[in-house]
Amino acid sequence: MSQLQQLRQICEAYGAQLVAVSKTKSIEQIMPLYKEGQRIFGENRVQELIEKVPAMPSDIDWHLIGHLQTNKVKQVLPLVSTIHAVDSIKLLREIEEQAAKLNKSIKVLLQMHIAQEETKFGLSMLELTELLDVFQQGKFSFVQIIGVMGMATNTDNQDQVRKEFKHLKDVFTYIKNGYFIHQPSFKEISMGMSGDYQIALEEGSTMIRVGSLLFE
Ligand SMILES: *Cc1c(COP(=O)(O)O)cnc(C)c1O
């Protein structure tokens, strides 16, 4: 069985979705995954999305998984269904504004800072509550917040990684209960990559973002 089929089976067992991360890979490398049935693909760079989307079949569900700059929102929106790494009110507002112009509803996840490393993007708890308060009071008709996303520390220490994923799950539950209790669409926890997807699934991930493992 191919690596893709194995991962898809594991995801199915956990009721999770597989986002196949195709960043840095060529169309020739990605197409075999499509032919095996994969339809959700993730990219982390706007330029790569712009090049790949028109070159690939049109029934692919593209997700932007990486950090997004406000000035790139306009280019990205027509290409994707889902943005995984929203980490500021400014970005959320720009997505709403551009989505309104396109009359397109767009799914977003809030990226939380869960790792020990300083370098990773993501909201603190304080920034998160500020953002959610703005969201509740504002007129957001096109942006749909469907969940949270996080990246664990890049370490061999599995206990550390598990602790961080547990924390993200707790944050998800906190947001769900406080803000989206009556919204079934708020249900996603995007966590887990090639090195830590198994732990992520055990801790409640609903979307794993796996790249390198699929292209070995
Ligand atoms: C590259 C990337 C992934 C996938 O990482 P792999 O280790 O190649 O599986 C997942 N999420 C984000 C945000 C990425 O940039």
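The questions and answers below go through a predicted model of one chain, from its overall build to single residues.

Reader: How many helices and strands are there in the chain, and what part of its residues is buried?
Author: The predicted chain holds 8 helices and 8 strands. A residue is called buried when its relative accessible area is under 20%, and of the 216 residues in the chain the buried share comes to 50%.

Reader: What radius of gyration does the chain have, and what would a compact globule have?
Author: Along the principal axes, the C-alpha atoms fill a box of roughly 50 × 40 × 35 Å. For 216 residues a compact globule would be expected to have a radius of gyration near 17 Å, and the chain agrees with this expectation, since its own value is 17 Å.

Reader: Among contacts between residues at least 6 apart in sequence, what percentage joins residues at least 24 apart?
Author: Contact here means heavy atoms within 4.5 Å. When the count is restricted to pairs at least 6 apart in sequence, those joining residues at least 24 apart make up 57%.

Reader: What area does the chain expose, and how far apart are the mean positions of its positive and negative charges?
Author: The exposed area of the chain is about 10600 Å², with carbon and sulfur atoms supplying 49% of it. As for charge, the chain carries 23 positive and 26 negative charges, and the mean positions of these two sets are separated by 5 Å.

Reader: Are the rings of F180 and F186 stacked or edge-to-face?
Author: The chain has 5 aromatic pairs in total. In the pair formed by F180 and F186, the ring centres are 4.6 Å apart and the planes meet at 15°. Planes under 30 degrees apart count as stacked, so the rings of F180 and F186 are stacked.

Reader: Which residues form the aromatic cluster, and are F180 and F186 buried or exposed?
Author: The cluster consists of F135, F140, F172, F180 and F186. With buried meaning under 20% relative accessible area, F180 at 2% is buried, and F186 at 1% is also buried.

Reader: Where does F135 lie, and which residues does F135 touch?
Author: F135 lies in helix 6, which covers residues 125–137, and its relative accessible area of 12% makes F135 buried. The C-alpha atoms of F135 and A16 are 27 Å apart in space, with their positions 119 residues apart in sequence. Setting aside residues up to four places away in sequence, F135 touches L92, F140, V143, I145 and F180.

Reader: What is the phi of T24, and is T24 buried or exposed?
Author: Most residues other than glycine have a negative phi. T24, which is not a glycine, has a positive phi of about 65°, and T24 sits in the loop between strand 1 (17–21) and helix 2 (27–35). Its relative accessible area is 61%, so T24 is exposed.

Reader: What is the phi of N103, and where is N103 found?
Author: N103 is exposed, at a relative accessible area of 62%. Its phi is near 55°, a positive value in a residue other than glycine. The location of N103 is the loop between helix 5 (89–102) and strand 5 (106–112).

Reader: Is T206 buried or exposed, and which residues is T206 in contact with?
Author: T206 is found in the loop between helix 8 (197–202) and strand 8 (207–210), and at 17% relative accessibility T206 counts as buried. The C-alpha atoms of T206 and I189 are separated by 5.2 Å, although the two residues are 17 residues apart along the chain. Leaving aside neighbours within four places in sequence, T206 is in contact with A16, Q17, K187, E188 and I189.

Reader: Where is M207 found, and which residues does M207 touch?
Author: M207 is found in strand 8, and M207 is buried at a relative accessible area of 3%. M207 and W62 are 145 residues apart in sequence, while their C-alpha atoms are 14 Å apart in space. Not counting residues up to four places away in sequence, M207 touches A16, Q17, H63, H84, L109, E188, I189, S190 and M191.

Methods: Residues numbered from 1 in each chain as written. Predicted model: local features only at pLDDT ≥ 70, side-chain atom pairs only at ≥ 80, totals over all residues. Heavy atoms only, no water. Helix = DSSP H or I, 4+ residues; strand = E, 2+ residues; numbered from the N terminus. Rg over C-alpha atoms; globule rule 2.2 N^0.38 Å. Buried < 20%, exposed > 50% of the residue type's maximum accessible area, 1.4 Å probe, protein only. Areas by Shrake-Rupley, 256 points an atom, 1.4 Å probe, with all protein chains shown as cover. Lys, Arg positive; Asp, Glu negative; His and termini not counted. Charge placed at Lys NZ, Arg CZ, Asp CG, Glu CD. Phe/Tyr/Trp six-rings, centres within 6.5 Å; stacked < 30°, edge-to-face > 60°.
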